[in-house]
Amino acid sequence: MKKKSILFVLAIALVLSLQFTPMVKAQQAQPAEKQQFTEATRPEENYLARFHALERVEFLKKSNLDKIYMLKVIITNYKDQGWDKDYQAIYEGYKKGMDYYYKRDIIYAQVELEKNRKDIFELYKKIAEVYKQRTQALLNECATKILDLDLDERSRSNPDRNKVLFKNVARLRIAYGQFDDGQNMMDDHVYDTAVKHFRVAKSYAIQILEDIDPENAKGKYDLDKADNLNRILNPPQQSAK
């Protein structure tokens with residue numbers, strides 16, 4: 001009787017070990033980033049969760065990439081701002097999310113791309129503040145030059161100078177309108193759109209400065225002009241293969 005009991009216990013132990021061994025192996029086979037989740041934080045992986053994740057990932061993979069392309073231009077043009085480390089982390093985060101996507105692990109693709117979206121948001125927040133200050137400085141310079149032109153008595157007697165004054169006052173109003181739109185976007189925490197408004201404002205400001213004082217402005221604003229068009233002023237040269 002005692003022998004039968006021992007055999008029964010051994011049989012139970014064997015069955016349990018066969019059931020739990022695949023689970024342990026599956027956990028060990030998971031990437032390190034998946035193992036960081038606990039049962040309290042691990043995302044749902046049922047059919048409904050996958051359905052909603054697929055729709056969200058399709059949006060994020062395009063939205064994030066569009067913002068990353070614009071970031072690449074900004075980071076390259078303004079190397080002195082020290083944004084490159086943040087950009088590289090964002091690039092790698094997007095790459096990780098898309099790696100999950102192409103391996104059809106849609107749940108964790110969403111997890112990584114949502115994190116990537118937040119990282120992009122934080123970097124654009126820093127960038128928008130710098131663009132705001134740069135735009136404000138250009139507009140202040142414009143206002144000073146327009147004031148000097150307005151107070152010059154030749155602007156009253158010379159039709160050409162009066163035309164320049166009238167045209168650039170109109171430009172300044174548009175520039176300040178774009179600046180205000182950029183500030184409103186910052187207040188609404190839409191920082192990438194704020195950057196776009198500041199770029200437009202800078203474009204009008206540079207037109208004013210080049211029109212009123214062409215000699216002093218010559219070549220001075222090339223970096224801003226390229227960036228306003230979402231272009232890299234001096235793209236890195238690719239080495240010949």
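Me: Helices are DSSP runs of H or I with at least four residues, and strands are E runs of at least two, numbered from the N terminus. By that count, what is the order of elements in the chain?

Reply: In this predicted model, the elements read α-α-α-α-α-α-α-α-α-α from the N terminus on. The chain has ten helices and zero strands.

Me: How much of the chain counts as buried?

Reply: Buried residues make up 32% of the 241 in the chain. The accessible surface is about 16,000 Å², and carbon and sulfur atoms account for 56% of that area.

Me: What makes the pair of Tyr101 and Tyr102 edge-to-face?

Reply: The structure holds five aromatic pairs. In the pair of Tyr101 and Tyr102, the ring centres are 5.0 Å apart and the planes meet at 80°. Centres within 6.5 Å make a pair and planes over 60 degrees apart make it edge-to-face, so both conditions are met.

Me: Why is Tyr101 called buried?

Reply: The relative accessibility of Tyr101 is 18%. The limit for buried is under 20%, so Tyr101 counts as buried.

Me: And why is Tyr102 called exposed?

Reply: Tyr102 has 64% relative accessibility. Exposed begins over 50%, so Tyr102 belongs there.

Me: Why is the pair of Phe121 and Tyr191 edge-to-face?

Reply: The ring centres of Phe121 and Tyr191 are 5.2 Å apart, with 65° between the planes. The angle is over 60 degrees, so the pair is edge-to-face.

Me: Which parts does the pair of Phe121 and Tyr191 tie together?

Reply: Phe121 is in helix α5 and Tyr191 in helix α8 (residues 191-212), so parts 70 residues apart in sequence are tied together. Phe121 is partly exposed, because its 32% lies between the limits of 20% and 50%. Tyr191, at 7%, is under 20% and therefore buried.

Me: Why is Val130 called partly exposed?

Reply: Val130 has a relative accessible area of 27%. That value lies between 20% and 50%, so Val130 is partly exposed. Val130 is in helix α5 (residues 106-151).

Me: Which residues does Val130 touch, not counting those up to four places away in sequence?

Reply: Val130 touches Gln81 and Trp83; a contact here means heavy atoms within 4.5 Å. Gln81 is 49 residues from Val130 in sequence, and their C-alpha atoms are 9.0 Å apart.

Me: How do you know that helix α7 reaches close to what is expected?

Reply: Helix α7 (residues 159-187) has 29 residues and reaches 42 Å from its first C-alpha to its last, close to the 42 Å expected at 1.5 Å a residue. Its buried residues include Leu165, Arg171, Leu172, Phe179 and Met186. After α7 comes His189, with a positive phi near 65°.

Me: Which elements have the lowest and the highest mean pLDDT?

Reply: Helix α1 (residues 2-29) has the lowest mean, 45, and α8 the highest, 97. Residues 7-29 have pLDDT below 50, and this stretch has two contacts in the model beyond near neighbours in sequence. Residues 38-42 also stay under 50, with two contacts beyond four places in sequence. Where pLDDT is low, the predicted coordinates should not be read in detail.

Me: What is the mean pLDDT of the chain?

Reply: The mean is 84, and 78% of the residues reach 70 or more.

Definitions and conventions
Residues numbered from 1 in each chain as written. Predicted model: local features only at pLDDT ≥ 70, side-chain atom pairs only at ≥ 80, totals over all residues. Heavy atoms only, no water. Expected span 1.5 Å × (residues − 1). Buried < 20%, exposed > 50% of the residue type's maximum accessible area, 1.4 Å probe, protein only. Phe/Tyr/Trp six-rings, centres within 6.5 Å; stacked < 30°, edge-to-face > 60°. Areas by Shrake-Rupley, 256 points an atom, 1.4 Å probe, with all protein chains shown as cover. pLDDT = per-residue confidence, 0-100.
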